[in-house]
Amino acid sequence: MKMPSASRRGLGSMALGPALWLGPLLLASLGGSSTPASLLRRLSEHIQRFQESSVLGLSLDPGVAALPREGWLEQPLDPFNASDRRTFLQRYWINDQHWASRDGPVFLHLGGEGSLWPGSVMRGHPAALAPALGALVIGLEHRFYGLSIPAGGLNTAQLRFLSSRHALADVVSARLALSRLHNVSSSSPWVCFGGSYAGSLAVWARLKFPHLLFAAVASSAPVRAVLDFSAYNEVVSRSLMNTAIGGSLECRAAVSTAFAEVERRLRAGDEARTALRAELGACSSLGRAEDRAELLGALQALVGGTVQYNGQAGTPLSVRQLCGLLLEGRRNGSRPVPYHGLRRAVQLVMHSLGQRCLSFSRAETLAQLRVTEPQVSGVGDRQWLYQTCTEFGFYVTCEDPTCPFSKLPALPSQLELCEQVFGLSTSSIVQAVAQTNSYYGGQTPVATQVLFVNGDSDPWHVLSVTQALGPSMSALLIPNASHCLDMAPERPSDTPSLRLGRQSILQQLQTWLKLAKKSLVRGGV
């Protein structure tokens, strides 16, 4: 992986031309491991790339200000051991076009389990909030992801320095270093923003370092770690029946029928499995039981991902479109065949992701997850698996009776990956999940000036905070909104409830920043 030279360490920002930063977008992996979680990550990466391409088009408009600047910070590899002198370079982006004064607010957009691109400080929130509030916007890439990977690779010994606690230490040192580098006033209030895992980091940064970070806005933040995340598919099931986003009782039933047909064919013998492989465009044979379970998991992730990212720019399918495929033929009086609709959905998603076939080989997954060399084209599958094994769990299962999918892959097969890739036992994962919740407080963190934003059709909202925990711990639940949709760039098709939700975020920030000014006046600053 090409990294910045040592001569750039600790320097401020550096201009980056459009061709230079578009390159990684075009190189981003559409393959990778074949676990259900990895397919969700590929959907997320695809949506992000789509939205980044719109940022590039915007930036080439002569009437639009220049692209944000890229910078690098030299960070300690082990911030908890002063005798360890090893460092790594952490990438950040900075957009100062709306910064009204050096004592104006700073919006720190935290990166999560993937690359952080220039669009993080250009469109969507927090960037869209900057003009009204005169804010400086900075995006900080997470250690071990994107181009912020320490020298030495991704072996297990090196991954000991990958955790949310290490990431929070980076936030603190970055906050101090960036203040110096960019001449930010000591009176400027810093507000953390983040979506999904990075949203949790934003909450925890405010929780643990309130003297440095004035407030936090956390979108779709799963602050409660959980081993068996069966509740994910409970929300998927409800959302497939939600008429407001194109679902129906018939659609939910059609999903169950389609999955039952896939399972029937998998049990019917070699000839039926060979035909199924051809019909679904599968990459490899279905002879092994573990691969058949992985196929079912991939199909489950395809439907779950459609719900999770419903209505977002760049998503291959919406819930309305998926239900239309599954129920095709109903309008002209013929009987719909949901399995055929599922096949068509697979084809559409694979085409959108640029994949020639549907990958689900367990052996191939293991081989890819065991690669310790950083991959320019990777999206961080090995790193994120490590974090789930050592901190969060988040293993999606289908064990609840209301789940419309197959019961496979079951929790044990997902936990086995932690042992097979990192040598971590199930008991250690259980203990790690409990420790995470104990350290941060789960869904009842004792923090102030935090706003949780969620959509009720997003499966992850059940691990977040959806009701206010007090006067200074607010929560906003947007009807029919999907994962981190409030952070996305505005679109003409945005619903009134989404527009109102974004307005509420702005009003909360205005209230906080007025509070910051009053406290400065009282303090005589």
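Which residues is I138 in contact with, leaving aside its neighbours within four places in sequence? The legends below start there. The model is predicted.

**Figure 1. I138 and the residues around it.** Leave aside the neighbours of I138 within four places in sequence. I138 is then in contact with Y92, W93, I94, V106, F107, L108, H109, V121, L178 and W190. I138 also belongs to the largest nonpolar core, which has 118 residues. Four residues have the most contacts inside this core: I138, W204, L295 and L299. A second, separate core has 29 residues. Among them are I478, A488, I505 and W512. In soluble globular proteins, nonpolar side chains tend to be buried together.

**Figure 2. The protein chain as a whole, for orientation.** The chain has 17 helices and 11 strands. Of its 525 residues, 58% are buried. Now take the contacts with a separation of 6 or more. Residues 24 or more positions apart account for 75% of them.

**Figure 3. Helix α11 and its buried residues.** This helix covers residues 319-326. V319, L322, C323, L325 and L326 are buried. Seen down the axis of α11, these buried residues fall within an arc of 160°, so they line one face of the helix. What do the buried residues of α11 pack against? Their partners are α7 (231-240), α8 (249-267), α10 (289-308) and α12 (338-353).

**Figure 4. The second largest pocket.** Rolling a probe the size of a water molecule over the atoms shows where empty space is left. The volume of this pocket is about 450 Å³. Its lining has 23 residues. G124, A127, A128, L129 and E490 lie nearest the centre. Two elements, α3 (130-133) and α17 (496-523), give two or more residues to the lining. The most comes from α17, with 5 residues. By class, the lining has 12 nonpolar, 6 polar and 5 charged residues.

**Figure 5. Two cis peptide bonds, each ending at a proline.** Most residues other than glycine have a negative phi, and most peptide bonds are trans. A cis bond joins H125 and P126, with omega about 20°. P126 lies in the loop between β4 (106-110) and α3. Another cis bond joins L408 and P409. Here omega is about -5°. P409 sits in the loop between β9 (393-395) and α15 (411-422).

**Figure 6. N183, a residue with positive phi.** N183 is not a glycine, yet its phi is about 55°. Find N183 in the loop between α5 (164-181) and β6 (190-195). Is N183 buried, exposed or partly exposed? N183 has a relative accessible area of 46%, so it counts as partly exposed.

**Figure 7. S220, another residue with positive phi.** S220 is a residue other than glycine, and its phi is near 50°. Look for S220 in the loop between β7 (215-219) and β8 (226-228). Is S220 buried or exposed? The relative accessibility of S220 is 1%, so S220 counts as buried. The cut-off for buried is under 20%.

Key: Residues numbered from 1 in each chain as written. Predicted model: local features only at pLDDT ≥ 70, side-chain atom pairs only at ≥ 80, totals over all residues. Heavy atoms only, no water. Buried < 20%, exposed > 50% of the residue type's maximum accessible area, 1.4 Å probe, protein only. Helix = DSSP H or I, 4+ residues; strand = E, 2+ residues; numbered from the N terminus. Arc of directions from axis to C-beta. Contact = heavy atoms within 4.5 Å. Core = buried A, V, L, I, M, F, W, Y, C linked by side-chain atoms within 4.5 Å. 1 Å grid on protein atoms, 1.4 Å probe; cavity = no way out; pocket = protein on both sides within 12 Å on 5 of 7 lines; lining within 4 Å. Points joined across faces, edges and corners; volume = space filled by probe spheres on them. Nonpolar A, V, L, I, M, F, W, Y, C, P; charged D, E, K, R; others polar.
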